[in-house]
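Here are my notes on the charged pairs and one of the sheets, as promised. Have the structure open while you read.

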Amino acid sequence: VQLQASGGGLVQPGGSLRLSCAASGSMFSIKGWFRQAPGKQRELVATITSGGNIRYADSVKGRFTISEDNAKNTVYLQMNNLKPADTAVYLCYAQNRGRTNYWGQGTLVTVSS
């Protein structure tokens, strides 16, 4: 199983970024994103199930949008109106139908002026 994340970077407050995660090697029932800021616990950002059910952290509702391209087995996270509090390493996540969890490498998002 491989989860290949990309799209992080430095952006000013109020700016936008789009993260991508290409998944391969299994059939996944859930895909999504977590994040971990320095000195903080890992937290859920957004997930999407194979049935299309979506879940967001309260802190990102209305600003972030998760979507997926099933043909490419890729999940995206469109992040708008970014805030300094969004600064973190964003981790791609997937769970297969056997409920095994997989993690991709992190991609750093820095929101700073």
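1. Start with Asp-58 and Lys-61, which form a salt bridge with their closest N and O atoms 3.0 Å apart. Keep in mind that this is a predicted model. Asp-58 has 64% relative accessibility, and because the cut-off for exposed is over 50%, it counts as exposed. Lys-61 has a relative accessible area of 49%, so it is classed as partly exposed.

2. Now look at Lys-31 and Glu-68. They make a salt bridge too, and the closest N and O atoms are 3.0 Å apart. This pair ties together distant parts of the chain: Lys-31 sits in strand β4 (residues 28-36) and Glu-68 in strand β7 (residues 64-69), 37 residues apart.

3. Is Lys-31 buried or exposed? Its relative accessibility is 5%, so Lys-31 counts as buried. For its partner Glu-68 the value is 21%, which means partly exposed. Note that the limit for buried is under 20%, so Glu-68, at 21%, does not get that label.

4. Next, Arg-35 and Glu-43. Their side chains come together in a salt bridge, at 2.7 Å from N to O. Arg-35 is buried, with 5% relative accessibility. Glu-43 comes out at 36% and is therefore partly exposed.

5. Which residues are linked with Arg-35 and Glu-43 in a network of salt bridges? The other members are Arg-63 and Asp-86. I'd display these four residues together, since the network links Arg-35, Glu-43, Arg-63 and Asp-86. Across the whole model, the count is five salt bridges.

6. On to the sheet. Four strands make up an open sheet, in the order β1-β3-β8-β7, and the pairing is antiparallel. At the edges are β1 (2-6) and β7, each of which pairs on one side only. From one strand to the next, the twist averages 15°. Strand β7 is also where you met Glu-68, the salt-bridge partner of Lys-31 in β4.

7. Inside that order, have a look at β3 and β8. How many bridges join strand β3 (residues 17-24) to strand β8 (residues 74-79)? There are six, and the two strands run in the antiparallel sense. If you want one place to check this on screen, pick Leu-17: its bridge partner in β8 is Met-79.

Terms used. Residues numbered from 1 in each chain as written. Predicted model: local features only at pLDDT ≥ 70, side-chain atom pairs only at ≥ 80, totals over all residues. Heavy atoms only, no water. Buried < 20%, exposed > 50% of the residue type's maximum accessible area, 1.4 Å probe, protein only. Pairing = 2+ DSSP bridges. Axes fitted to C-alpha atoms, helices over the stretch in contact; angles between N-to-C directions.
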